[in-house]
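Trainee: I've got a model open and I'd like to go through its side chains with you. Can we take it one question at a time?

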Amino acid sequence: MKLNWALVRFIFGLLLIVEAVFMMVSAGVALFYHYHAGDNDWWALAVPAMLTGLSGWAFWHSGRHHNSQITTREGFFIVSCTWVLFTLFGMLPFLFSGACHHVSDAFLEAMAGFTTTGCTTINNLEEIPHGIHFWRCLTQWLGGLGIVVISLALLPMIGSGATQIFGAETNGLHVDKLRPKIQHTARRLWGIYVTLSVANAVLYWVAGMSVFDAICHTFSTMASGGFSTHQDSIGYYHSPAIEYVCIVFLFLTSVNFNLYYFLGIGHLRAFWRNEELRWFTGIVFGFTLLFMSLDGATRFFSETESEQLSALGDGTFLCSLRTALFHTLTIVSSAGFQAEYFDYVKWGAVFWMPTLLLMACGGCTSSTAGGLKVVRFVVLMKNARNEILQALHPRAYVAVRLNGHTLASETVYKVLAMFSIYVILAVVSIFFLQLLGLSFDTAIGTAVSALGNTGPALGDLGPAFTWSEVPALGKWYLSLLMLVGRLEIFTVLLIFSPMFWKK
């Protein structure tokens with residue numbers, strides 16, 4: 001069965017029109033600051049907005065006489081290609097404004113935005129005009145909950161095929177429908193997202209940010225993205241209050257958004273008895289204590305003051321707690337923000353392995369966090385325990401249980417398959433990046449960071465550096481890794497499979 005190309009073009013057209021609308025909003029912000037701050041970037045957003053809108057109209061018009069039935073295969077294709085389409089048009093403001101001078105830089109910047117990866121190729125963020133900053137952070141907010149999920153909330157015209165698209169975009173262990181219709185589910189999720197965004201922006205402003213910075217940082221915080229309006233990120237403000245606000249919302253956005261719906265309608269039991277949430281909370285507190293312990297051990301065994309100790313902070317309990325908690329949440333949420341004391345590369349090699357584990361782990365399913373997701377690690381550990389029990393008691397029947405329910409063996413096999421593919425992709429990527437000239441530790445950190453949509457890596461691409469020095473081929477490859485990680489591997493790899501295109 002062939003893909004319904006007319007329907008694909010129709011949906012692509014609708015989605016591009018949505019992108020054009022948000023790009024035009026950014027152009028309006030740029031025009032405001034043209035008169036109030038002398039910025040001159042409004043045209044670099046207005047022209048791409050018109051090009052995107054016209055292209056969207058052309059797609060829509062050519063596919064308006066379509067068969068409205070969407071298959072699962074078309075859902076996967078639409079979701080994968082939507083991110084690429086959005087990136088191709090979304091990179092134009094960076095090129096037109098001069099924020100990025102090369103296509104590979106602009107494409108990686110836009111892909112990092114829409115996949116909510118906290119890396120950047122821009123070395124002079126303080127010199128970037130307001131409109132470009134707004135668009136740059138807005139791309140993360142759009143990609144955070146999912147471009148397609150937001151579009152489903154706004155575009156009921158997609159109709160009966162929305163289930164296939166929604167299922168492909170939220171490719172977790174299962175899809176929780178909060179309402180009878182997928183559009184209602186998407187609107188409910190979007191409503192929760194917007195409500196938390198407003199609260200985040202207000203608290204950032206109260207803590208000391210300007211209104212503009214509060215809005216931009218809210219976009220990237222809610223998306224677990226990590227883009228900032230300053231080269232020093234959150235550390236620019238030297239404000240514990242701002243760091244604590246960021247900590248709170250990074251935790252909130254790493255939690256399954258479906259739980260907020262159940263919490264809102266009074267189903268407290270569904271919230272507190274969620275096994276993944278309990279594991280995630282334990283991971284956050286456990287790694288925070290681990291980083292604080294490593295901080296204390298490093299200071300105890302260091303005989304003199306050094307650059308390493310200065311990077312860890314002033315040595316007080318509150319500073320150590322804040323730094324460890326911020327580091328844990330900015331990595332496990334895949335945000336990649338930098339706090340006042342942020343350079344874990346300078347902290348020492350003993351901090352690197354736990355940081356890489358957090359990058360790979362990520363937050364909860366149906367959250368804006370990246371990584372493999374906590375629930376998959378829970379399933380892997382429970383399955384490993386069951387294998388040991390089965391070896392000791394061959395006649396015993398043991399099954400993986402989650403939230404009081406027995407998981408189907410097919411679900412467990414899928415988790416095992418996804419983990420295996422993740423490891424293979426990471427190993428191949430590390431080798432390829434080394435061929436491009438990256439050092440071993442840099443290649444490891446960059447591969448895991450890109451797949452987990454985190455941003456900061458290790459070595460020459462640690463949190464103190466941008467990705468501008470990566471070779472052009474490496475930037476294209478890392479952009480693909482970000483997409484694979486954002487759509488949780490299978491969605492993207494499926495369209496590269498020969499079986500996908502067979503009738």
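Trainee: Which residue lies over the face of Phe 227?

Mentor: Keep in mind that this is a predicted model. Look 3.8 Å from the ring centre of Phe 227. The residue lying over that face is Arg 136.

Trainee: On to ring pairs. How many aromatic pairs does the structure hold, and what kind of pair do Trp 141 and Tyr 193 make?

Mentor: The count of aromatic pairs is 23. For Trp 141 and Tyr 193, the ring centres are 5.2 Å apart and the planes sit at 20°. Planes under 30 degrees apart count as stacked, so the Trp 141 and Tyr 193 pair is stacked.

Trainee: How many residues apart are those two?

Mentor: Trp 141 belongs to helix 6 (residues 130-145), while Tyr 193 belongs to helix 9 (residues 182-207). The pair thus links distant parts of the chain. Trp 141 and Tyr 193 are buried, and their separation along the chain is 52 residues.

Trainee: What about Trp 141 with Phe 219: which helix does Phe 219 come from?

Mentor: These two rings form a tilted pair, 5.7 Å centre to centre with 50° between the planes. Trp 141 and Phe 219 are both buried. They are 78 residues apart, with Trp 141 in helix 6 and Phe 219 in helix 10 (residues 211-222). The answer for Phe 219 is helix 10.

Trainee: Which residues form one aromatic cluster with Trp 141?

Mentor: We've already met Tyr 193 and Phe 219, and both belong to the cluster. The other names to add are Phe 134, Phe 257 and Tyr 260. With Trp 141, the cluster reads Phe 134, Trp 141, Tyr 193, Phe 219, Phe 257 and Tyr 260.

Trainee: Now cysteines. How many disulfides does the structure hold?

Mentor: Take Cys 137, which is buried at 0% relative accessibility. Its closest cysteine sulfur is in Cys 216, 4.4 Å away, and that is too far for a bond because a disulfide needs the sulfur atoms within 2.5 Å. For the structure, the number of disulfides is 0.

Trainee: Is Cys 81 buried or exposed?

Mentor: Its relative accessibility is 19%. Buried means under 20%, so Cys 81 counts as buried.

Trainee: Last one: which residue's backbone nitrogen lies 3.2 Å from a polar side-chain atom of Ser 239?

Mentor: Ser 239 is in the loop between helix 10 and helix 11 (240-253). Ser 239 is buried, with a relative accessible area of 13%. The backbone nitrogen at 3.2 Å from its side chain is that of Ile 242.

Terms used. Residues numbered from 1 in each chain as written. Predicted model: local features only at pLDDT ≥ 70, side-chain atom pairs only at ≥ 80, totals over all residues. Heavy atoms only, no water. Phe/Tyr/Trp six-rings, centres within 6.5 Å; stacked < 30°, edge-to-face > 60°. Helix = DSSP H or I, 4+ residues; strand = E, 2+ residues; numbered from the N terminus. Buried < 20%, exposed > 50% of the residue type's maximum accessible area, 1.4 Å probe, protein only. Lys NZ or Arg CZ within 6 Å of the ring centre and 35° of its normal. Polar contact = N/O pair within 3.5 Å; in protein donor to acceptor, adjacent residues only side chain to side chain.
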